[in-house]
Amino acid sequence: MSTSITPESRGDAKRDSGRRRGRSDKTGHGTDAKLPKPAKTQVRLGDRVFLGSSRGAGILLLVIMAAIAVFLVVEALDALGKNDGNFLTDSTWVTDGAKPAFGVAGLVGGTVISAAIAMLIAVPVAVGVALFITHYAPRRVAQTLGYIVDLLAAVPSVVFGLWGLVFLSPKLIGLHTWLSDYLGWIPIFDKDDAGATARTLFTCGIILAIMVLPIIAAVTREVFLQVPRAHEEAALALGATRWEMIRTAVLPFGKPGIISASMLGLGRALGETIAVAMVLSSSQELVFKFLDPGGNTIAANIANQFGESNELGRGALIASGLVLFFLTLLVNGAARVVINRHKEFSGANA
Amino acid sequence: MTKRIEISGLNAYYGANKAVEDISMTIEPRTVTAFIGPSGCGKSTFIRTLNRMHELIPGARVEGRVQLDGQDLYGPEVDPVAVRRTIGMVFQRPNPFPTMSIYDNVAAGLKLNGVKKKSDLDAVVERSLRGANLWNEVKDRLGKPGSGLSGGQQQRLCIARAIAVEPQVLLMDEPCSALDPISTLAIEDLIALLKERYTIVIVTHNMQQAARVSDRTAFFNLAGPGQPGRLVEIGDTEKIFSAPEVEATADYIAGRFG
């Protein structure tokens with residue numbers, strides 16, 4: 001109410017008008033003029049417009065989300081109802097004819113394998129790059145390297161796809177042969193196909209690694225810069241070398257950040273579409289031997305099939321998209337659990 | 001195991017900026033030497049040259065000689081990492097490793113030195129925590145994070161961490177400035193105990209503290225703004241506080257400036 005902010009020195013008339021307004025608001029306590037009344041601020045036009053528009057935006061977002069979810073689930077359920085195979089365990093993708101049978105087992109396998117290879121390569125390299133930038137490189141070099149890493153993040157994925165297909169994959173044939181020659185006794189490194197193509201899940205994993213590297217490196221770099229100087233000095237004063245200091249103070253402090261950064265990268269690796277679709281010589285079966293051509297990922301399969309799909313096919317693809325969504329959710333949830341398990345040692349309460 | 005430190009003609013720089021100039025002094029074994037002086041006079045910079053922590057700041061460098069029982073710490077073949085293992089340091093703000101338990105904090109330095117046997121570690125952790133007057137307070141929660149302790153306990157944990165590697169000298173850079181009076185008293189009592197085994201150098205802004213804990217006191221000052229810090233005088237604490245030779249020292253101690 002305006003009386004509470006009206007100085008006593010102002011005229012009685014003004015105070016009266018204030019009190020009258022208060023009464024009309026049904027909140028005034030009328031008679032007690034000496035005590036400042038609980039303030040009910042007058043709502044100004046600007047506030048009202050802002051409140052309305054931001055609330056509207058929030059509601060709009062929820063409506064759009066709900067519409068998308070309803071559409072996806074309805075389409076997917078529709079298709080799943082007509083499926084003659086087992087959606088979760090089959091690896092075929094037949095969506096026309098009298099007996100449509102489709103399943104995501106092969107797609108999920110390919111998605112997980114290529115993303116896992118990408119993470120195994122990208123995380124150590126990204127952490128190394130971030131450590132070099134924050135703790136080893138002279139300032140000028142660090143700055144330049146930082147820019148280059150950021151620039152790598154700006155390359156469109158279709159360019160990575162072209163590069164991987166035309167330039168990188170022919171160069172990797174030798175590496176494929178070498179790996180299967182020396183590690184072939186491990187079943188997944190075995191190679192049935194001696195053919196001269198490297199359009200494999202392994203190559204996809206490498207390209208995905210290059211694509212997610214800048215995200216992981218950029219985020220971990222920021223985390224490493226947050227490590228308090230006091231903790232680094234504590235380690236150094238104990239007689240730690242630089243690497244020992246990093247092991248004692250920097251890496252433990254940055255661990256939750258490294259995990260979060262990896263999850264961001266993994267999200268992209270799981271969902272990357274066009275680069276995989278271009279590079280991979282795909283097949284529908286579940287492929288574990290990632291040095292052989294074949295296999296497919298959920299996202300790439302959607303990109304490859306969508307144009308030629310009938311209505312049932314589209315529904316099936318949407319269902320597979322939902323599987324990808326839950327896969328990502330699952331991985332993120334698992335990472336949260338890992339981060340929270342050591343919360344009291346996280347350094348956040350230091 | 002305690003050693004004498006002889007400093008001669010020491011200058012310390014941050015880039016082109018000279019922070020302390022021409023310091024020479026001798027620090028006797030098994031004594032507590034307090035550094036006092038107004039802010040910005042280079043006490044902290046100087047104490048950090050004694051275990052080669054100063055040079056970790058980009059652009060920082062040191063001229064002159066620091067000898068530990070005759071061995072020049074800045075000699076060409078001396079490894080700064082080895083120097084820091086010999087000369088321990090406690091910082092202004094308690095800085096236990098937040099990602100480690102109390103036990104691991106104390107054991108951190110030993111693990112760096114390659115001690116792996118659990119029984120050896122257990123023994124040193126207990127001895128160091130007892131040495132830092134902290135054992136009774138934390139013995140039931142060694143696995144809990146060090147950051148959960150109070151400020152004073154954290155600082156004693158940091159002292160335990162520093163003495164676990166059996167340094168020959170212990171440097172303390174305003175160890176009580178972030179602590180309440182009771183914790184401060186606990187640290188001061190601890191210093192009195194530690195001096196039987198270690199050579200201790202302590203920077204303090206608290207004149208009473210210098211008078212209480214130290215055997216010798218060094219007064220630092222700067223000639224004017226932008227000038228490097230200098231050692232004004234060093235002597236037995238009693239004498240510095242009762243009959244200093246330089247007037248500036250008397251003025252500072254009496255609270256007439258600084």
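Contact here means heavy atoms within 4.5 Å. On that footing, 25 residues of chain B touch 23 residues of chain A. The model is a predicted one, with local features needing pLDDT of at least 70 and side-chain atom pairs counting only at pLDDT 80 or more, while totals for chains, interfaces and linings use all residues. Residues are numbered from 1 along each chain as its sequence is written, chains are lettered from A in the order in which they are written, and side-chain values use heavy atoms, leaving out hydrogens and water.

Putting the two chains together buries about 2,100 Å², with 65% of that coming from carbon and sulfur atoms; buried area is the accessible area (1.4 Å probe) that the two parts lose on being put together, summed over both. On the chain B side, P98(B), T99(B) and L112(B) lose the most area to chain A, together 29% of what that side buries.

As for charges, there are two salt bridges between chain B and chain A (a side-chain nitrogen of Lys or Arg within 4 Å of a carboxyl oxygen of Asp or Glu). One of them pairs R85(B) with E244(A), whose closest N and O atoms sit 3.2 Å apart. The elements giving two or more residues to the chain B side are α2 (80-86), β6 (87-90), α3 (102-112) and α6 (151-164) of chain B; helices (H or I, at least four residues) and strands (E, at least two) are DSSP runs, numbered from the N terminus.

Over residues 58-81 of chain A, the chain is 100% helix and 0% strand, and the end C-alpha atoms are 34 Å apart.
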